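Reader: Could you show me the structure and explain the terms that are applied to it?

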Amino acid sequence: MLGDGLGTALISIFIFLLTYALIVDERVHRAVAAMFGAAIVVLLNIVPWEELLVYLDFGTIFLLMGMMIIVNTARNSGLFEFIAIKTAKAAKGNPLMVLLLFSAVTAFVSAFLDNVTTVLLLTPMLLTIARLMKMNPIPFLIAEIFASNIGGMGTLIGDPPNIMIASAAGLSFNEFILIMAPIAVIDFLILLGMFYIIYGRKLRIEKDDQDAIIKALSSLDERAAIQDIKLFNKSVIVIVLVVIMFFLHGVLGLEPAEVALIGAAIILIWSREAPEMILEKIEWPALFFFGGLFIVVGALVQTGVIATIAEAMVGTVNSTGEAMILITWFAAMASAIVDNIPLTAAMIPLIQDLGTTMEIYPLWWALSLGACLGGNGSAIGASANVVVLGISEREGIQITFFDFLKLGFLVMGITVAVGLGILWFMFIL
Amino acid sequence: MGYYSSLIERKFKGRTMGSYEAIRREYADFLMTEEEMIVREVRKILLPIDYFVELLPSELVWVLSVYEAEVHIAYILDRDILTLLDEMAGGELRREYQEKKEAAGMEKLAMLSVQLEQAGLRVTTSLFDGSQIEDAVRLSESFDIVALSRVYGTGITEKTPVSPVTVQVAQRVHCSALIY
């Protein structure tokens with residue numbers, strides 16, 4: 001690579017670093033940053049026009065688009081608010097139960113639907129209950145963030161890094177259920193245990209106060225949250241149908257992206273919602289962000305930078321097990337700094353290149369583990385973190401970078417170590 | 001604002017694209033405010049009535065019975081009508097009218113008292129002439145809830161399902177208003 005193309009390689013590295021720096025800082029929108037980087041590599045012909053489609057991963061983009069349509073239509077029905085009120089009532093004013101149930105619901109919903117939407121709609125309810133209990137909301141909010149990232153790791157559609165990995169490696173929904181879901185469940189239980197040890201004593205209230213909270217919560221009517229009962233029922237049916245289709249997509253001969261788009265088409269035609277309203281709620285900036293990233297990383301592949309790094313890595317690690325450890329911890333640490341989506345975009349071609357010299361199947365899971373759980377490492381590690389912290393700031397609750405980092409790194413370290421141990425047991429032993 | 005706060009703010013805006021404000025508005029439709037969440041103790045309920053108010057709906061009686069409070073029924077004769085009669089038809093006719101209205105008022109107070117007492121509520125009554133708006137607002141100062149009939153003061157029509165007198169009282173009372 002470093003012959004005639006040295007200059008081009010250096011330029012593509014510079015554009016990559018510049019784009020990622022802009023994404024981390026986000027003084028310009030991350031979609032704009034990614035598109036800007038992509039525009040430069042296209043303009044300089046580093047990635048020729050005819051190669052664009054090679055690098056654009058439509059499996060990821062269409063899967064995200066389909067799920068956005070389904071989630072946005074379901075959102076119009078009041079489904080998420082209904083879940084939030086039901087969860088609040090089920091906790092019966094007991095702070096520990098509030099933490100447990102909201103974390104469990106967040107993890108479960110995040111495993112099947114978009115993390116950002118999940119925390120965006122559950123957090124206002126969580127804050128309301130924390131105020132009602134006269135409790136410091138910070139433990140509840142942080143638990144919600146960690147639960148969202150851990151839950152998202154459990155399925156193919158739970159977190160964007162998993163969608164990208166599955167699309168690039170051709171992994172199925174059921175493989176994620178068999179390999180990552182058990183890790184997610186165990187890590188979630190560990191998370192609850194950690195929160196019980198750290199905050200358990202503080203999460204207690206007097207019986208009289210609890211009775212007053214139950215009384216106040218009983219006046220909340222979850223049915224009032226349902227804006228359209230027909231749409232609500234249709235949304236639940238379509239989501240269940242789509243999840244069943246994900247389980248069966250191998251048997252049906254469908255790609256995950258096709259399942260999501262079929263689900264989106266069904267809900268659009270059945271709900272009779274104005275398509276303009278739904279389609280304009282698709283997070284186009286997120287899709288363009290992904291598209292731009294694929295091209296910027298594609299430039300590194302095109303110029304041979306990724307192949308050179310892969311060669312260097314092969315020289316350093318002697319086995320798949322060693323590579324698994326390296327990729328897991330590197331992905332976890334780097335995700336905490338640059339956000340797990342751009343990190344995954346850069347790591348995928350690297351692992352693909354390693355495939356020429358070693359067995360890479362376990363490495364995909366190592367990447368998923370590191371990228372998803374690395375998101376818990378810092379306040380900017382994943383989108384769910386940013387959304388919950390942004391809402392908190394708006395509501396006057398300060399969670400400082402270092403406060404988050406202290407707990408985040410601890411949770412990340414323990415959950416990644418446990419997850420890696422399980423992967424080691426599955427693939428190496 | 002420090003770098004961290006502004007970074008979170010920028011990233012938050014980028015991820016949610018303003019949808020959080022819409023979600024807050026949606027939640028506000030059915031989620032109580034902090035003030036509303038405080039379960040207030042209700043000890044005294046004011047029930048202003050007049051000629052237009054008939055038997056109380058069973059739903060209202062049930063709601064009032066939940067509070068286990070004392071209900072005061074105040075029958076307010078419209079003083080403006082009495083003054084008008086005095087000026088136009090003389091004092092005698094006005095007195096005759098007032099006596100008839102007071103008798104009917106006492107009958108209505110007795111009837112409503114029985115209805116509320118049967119639901120286990122403690123009831124006190126009063127009957128006087130005055131302003132149906134100003135006196136209801138004044139009395140409300142020493143009560144926790146005012147229960148207002150939709151027909152109080154003027155009755156209703158198809159185009160005005162709530163009496164304007166009720167609306168004015170509800171807007172100005174010093175405690176929570178319940179319109180039935």
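Author: What follows is a short dialogue on a predicted model. Local features need pLDDT of at least 70 and side-chain atom pairs count only at pLDDT 80 or more, while totals for chains, interfaces and linings use all residues. Residues are numbered from 1 along each chain, chains are lettered from A and ligands numbered from 1 in the order written, and side-chain values use heavy atoms, without hydrogens or water.

Reader: Why is A:Ser12 called buried?

Author: Buried means under 20% relative accessible area, exposed over 50%, and partly exposed in between (1.4 Å probe, protein chains only). A:Ser12 has 1% relative accessibility and therefore counts as buried. A:Ser12 lies in helix α1 (residues 6-25) of chain A.

Reader: What makes the pair A:Ser12 and A:Thr303 a polar contact?

Author: The term requires N or O atoms within 3.5 Å; within protein, one must be able to donate a hydrogen and the other to accept it, and residues adjacent in sequence count only through two side-chain atoms. The side chains of A:Ser12 and A:Thr303 are joined at 3.1 Å, a polar contact.

Reader: What is the expected span of helix α4 (residues 58-77) of chain A?

Author: The expected span is 1.5 Å times one less than the number of residues. For the 20 residues of α4(A) this gives 28 Å, and the helix reaches 29 Å from its first C-alpha to its last, close to that value. Of these 20 residues, 17 are buried.

Reader: Which residue caps the N-terminal end of α4(A)?

Author: A:Asp57 does, with a side-chain oxygen 3.0 Å from the backbone nitrogen of A:Gly59.

Terms used
Helices (H or I, at least four residues) and strands (E, at least two) are DSSP runs, numbered from the N terminus.
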